[in-house]
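Subject: Structure for your review

Dear colleague,

Please find below the structure that I am handing over to you. I should be grateful if you would read the notes beneath it alongside the coordinates.

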Amino acid sequence: MTERVRAVLITPHNTTLLIKRIRPGIDPYWAIVGGGVEDTDTDREAALLREINEEIAGDAEILRLLHQMDNPKGETEYYYLARIEKWDFDNRTGPEFARTDRGEYILEEIPLTQEAVGSLNLMPPQFKDVLCEAIARGELIPAP
């Protein structure tokens, strides 16, 4: 079974980093940073750190597993809460960024409020609900 890992990245401003996807013929949507676990990854957390580095040239501290779910493709997705201090989207190296047929990738810093997250076309929609509920419970702002 394929495993995917994603990070709800909390910045020093208590915002989160999301990737806005703009593709021809599809409404814009936002995605959580992450990707697939590869055979060369020692574990899911190592895969997530690799994906964060590839996608936003960032170095994060994984705090804890936030949520786990199966997606419609039959893959298990693991969503982690992580803290990030620095990133450089201009220096991303993921293979998807080299393909011109994949549309645009725009990194956005989003306030961690139910209103801000709730207004987004965040994919997958099931996780959008989980994220809004976690925000409402005050579970996402890590202690310094």
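The notes below go from the overall fold to the cores, the helices and some individual residues.

**Overall fold**

Please bear in mind that this is a predicted model. The chain contains three helices and seven strands, and its elements follow the order β-β-β-α-β-β-β-α-β-α from the N terminus. Its radius of gyration is 14 Å, close to the 15 Å that the globule rule gives for 144 residues, so the chain is as compact as a globular protein of that length. Along the principal axes, the C-alpha atoms fill a box of roughly 40 × 35 × 30 Å.

Of the 144 residues, 46% count as buried. Among contacts in the chain with a separation of 6 or more, 62% are between residues 24 or more positions apart. The accessible surface amounts to about 7,800 Å², and carbon and sulfur atoms account for 47% of that surface.

**Nonpolar cores**

In soluble globular proteins, nonpolar side chains tend to be buried together. The largest nonpolar core here has 22 residues, and V8, L122, F127, L131 and L140 are those with the most contacts inside it. At least two residues of this core come from each of β1 (3-10), β3 (26-36), β4 (60-70), β5 (76-84), α2 (114-118) and α3 (125-136). The largest share, six residues, is supplied by α3. Within α3, L131 is in contact with V8, V117, L122 and L140, leaving aside its neighbours within four places in sequence. There is also a second, separate core of 19 residues, which includes L17, Y80, A82 and F89.

**Helix α3 and its approach**

The twelve residues of α3 should span 16 Å at 1.5 Å a residue, and its end C-alpha atoms are 17 Å apart, which agrees. Its buried residues are F127, K128, V130, L131, C132, A134 and I135. The elements covering these residues include β1, β3, β4, β5, α2 and β7 (122-123).

The loop between β7 and α3 contains P124, and a cis peptide bond with omega of about -5 degrees joins M123 to P124. After α3 comes G138, whose phi is positive, near 75 degrees.

**Helix α1 and E54**

Helix α1 (residues 44-56) has 13 residues and reaches 18 Å from its first C-alpha to its last, close to the 18 Å expected at 1.5 Å a residue. D43 caps the N-terminal end of α1, with a side-chain oxygen 3.3 Å from the backbone nitrogen of E45. The buried residues of α1 are A47, L48, R50, E51, I52, E54, E55 and I56. They pack against β1, β2 (15-23), β3, β4, β5 and β6 (104-111).

E54 merits a separate remark. Its relative accessibility is 17%, so E54 counts as buried. Not counting residues up to four places away in sequence, E54 touches R92, T93, G94, P95 and F97. E54 and F89 are 35 residues apart in sequence, and their C-alpha atoms are 9.3 Å apart in space.

**E77 in strand β5**

A further acidic residue, E77, lies in strand β5. E77 is buried, with a relative accessible area of 5%. Which side chains does E77 meet in polar contacts of 2.9 Å? One such contact joins E77 to N71, and another joins E77 to Y79. Not counting residues up to four places away in sequence, E77 touches R4, R6, H67, Q68, M69 and N71.

**Backbone features to inspect**

Most residues other than glycine have a negative phi, and most peptide bonds are trans. Against that background, two residues may be of interest to you.

- N14 lies in the loop between β1 and β2. Although N14 is not a glycine, its phi is positive, about 55 degrees. N14 is partly exposed, with a relative accessible area of 36%.
- A57 follows α1 and lies in the loop between α1 and β4. Its phi is near 50 degrees, a positive value in a residue other than glycine. A57 is partly exposed, with a relative accessible area of 22%.

With kind regards

Technical notes
Residues numbered from 1 in each chain as written. Predicted model: local features only at pLDDT ≥ 70, side-chain atom pairs only at ≥ 80, totals over all residues. Heavy atoms only, no water. Core = buried A, V, L, I, M, F, W, Y, C linked by side-chain atoms within 4.5 Å. Buried < 20%, exposed > 50% of the residue type's maximum accessible area, 1.4 Å probe, protein only. Helix = DSSP H or I, 4+ residues; strand = E, 2+ residues; numbered from the N terminus. Contact = heavy atoms within 4.5 Å. Polar contact = N/O pair within 3.5 Å; in protein donor to acceptor, adjacent residues only side chain to side chain. Rg over C-alpha atoms; globule rule 2.2 N^0.38 Å. Areas by Shrake-Rupley, 256 points an atom, 1.4 Å probe, with all protein chains shown as cover. Expected span 1.5 Å × (residues − 1).
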